[in-house]
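Student: I would like to learn how to read a model of this kind with due care. Could we begin with confidence and then turn to the fold?

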Amino acid sequence: MRKGQRHRGGSILKGLQSRFLPSSIRCLKLLLTFQTRSDRTDNTTFTCIRKWEMDAEAAKILFESTILPAFKVHYSAMDDKTQFFVDEENNEIDGAGSPGLVQLSRGACDEPDWLVNFAIAHETAHGVVFLECNAQGVSVPQAQDYGRKKHEAWADLIATKVLMAQLPDVWALVEAQLHVLANKLGGSAVTASHPTGNKRVELIREYASAYVQAETPKSKGFLRTIFCCGSAPNNPVLRREKAFNSCFKKINNSTNF
Ligand SMILES: [Zn+2]
């Protein structure tokens, strides 16, 4: 049973972390309350869970062949040599991301594929938050206290943007499970490091909705068409960008997580 095996420390990965991730964003325990898995002794259930598990090599291939290339489309300046690791000693749903390094826990890899994809995208997004802040003219907050919560909400937003734009099939799987994601992320439980799970999913849904609306702009009235007085750009790419910028800045200005 994994529940009794949560121990950390002493691993090579841990050493790498302290060496290369002095200012990384560690994604703390995404509330194991919702994944107790006390039914692992049931053979049928165990078989079902087993097929979800992703070995480290498969997770690395997923990152290098799918997630990273998708991010590069939007963030060409990101580190080409971004490395991916799985912390096999960490059985919680956990991860870390910073420029040049993405890490996922064994516990996260054991989750269903949609969540593994989103978790990798979220951790990868942490490594480009500073690029997005620079592009938006927003100062990068310290990753502590309230600034930390902004980093988390931005990582969700960026992950959602990249999945929606580059990997729509993956996004469709994630979107269908957003209600589950809210619980996995803690529901209404308040933590010092992350916005509540409900708030995170609310922000994800808000952006996803704005993204979809940007695909099909409201029709302009006859006079507005003639005089071109609408503020929405005609180009759907620009409209999507505007929707993203609006959500990004809303998080920056938010005082309610
Ligand atoms: Zn995070």
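**Reading confidence, core and helix**

Tutor: Over residues 28-51 the pLDDT (the predictor's confidence in each residue, from 0 to 100) stays under 50, and the model has 25 contacts beyond four places in sequence for this stretch, a contact being two residues whose C-beta atoms, placed from the backbone, lie within 7 Å. Where pLDDT is low, the predicted coordinates should not be read in detail. This is a predicted model, in which local features need pLDDT of at least 70, side-chain atom pairs count only at pLDDT 80 or more, and totals for chains, interfaces and linings use all residues. Residues are numbered from 1 along each chain as its sequence is written.

Student: What does the protein average in pLDDT?

Tutor: The average is 81, and 74% of the residues score at least 70.

Student: Which residues touch the most other members of the largest nonpolar core?

Tutor: In soluble globular proteins, nonpolar side chains tend to be buried together. A nonpolar core is a set of buried Ala, Val, Leu, Ile, Met, Phe, Trp, Tyr and Cys residues joined through C-beta atoms within 7 Å, where buried means that 20 or more other C-beta atoms lie within 10 Å of a residue's own. Here the largest has 51 residues, of which Ile 120, Leu 157 and Ile 158 touch the most other members. Helix 7 (residues 145-166; helices are DSSP runs of H or I, at least four residues, numbered from the N terminus) gives the most to this core, with 9 residues.

Student: Where is the kink in helix 3 centred?

Tutor: A bend is the angle between axes fitted to the seven residues ending at a residue and the seven starting there; in helix 3 the kink is about 35° and is centred on Phe 63, which is buried, as are Ala 59, Leu 62, Ile 67 and Phe 71.

Definitions and conventions: Buried ≥ 20, exposed ≤ 12 C-beta atoms within 10 Å, placed from the backbone. Helix = DSSP H or I, 4+ residues; strand = E, 2+ residues; numbered from the N terminus.
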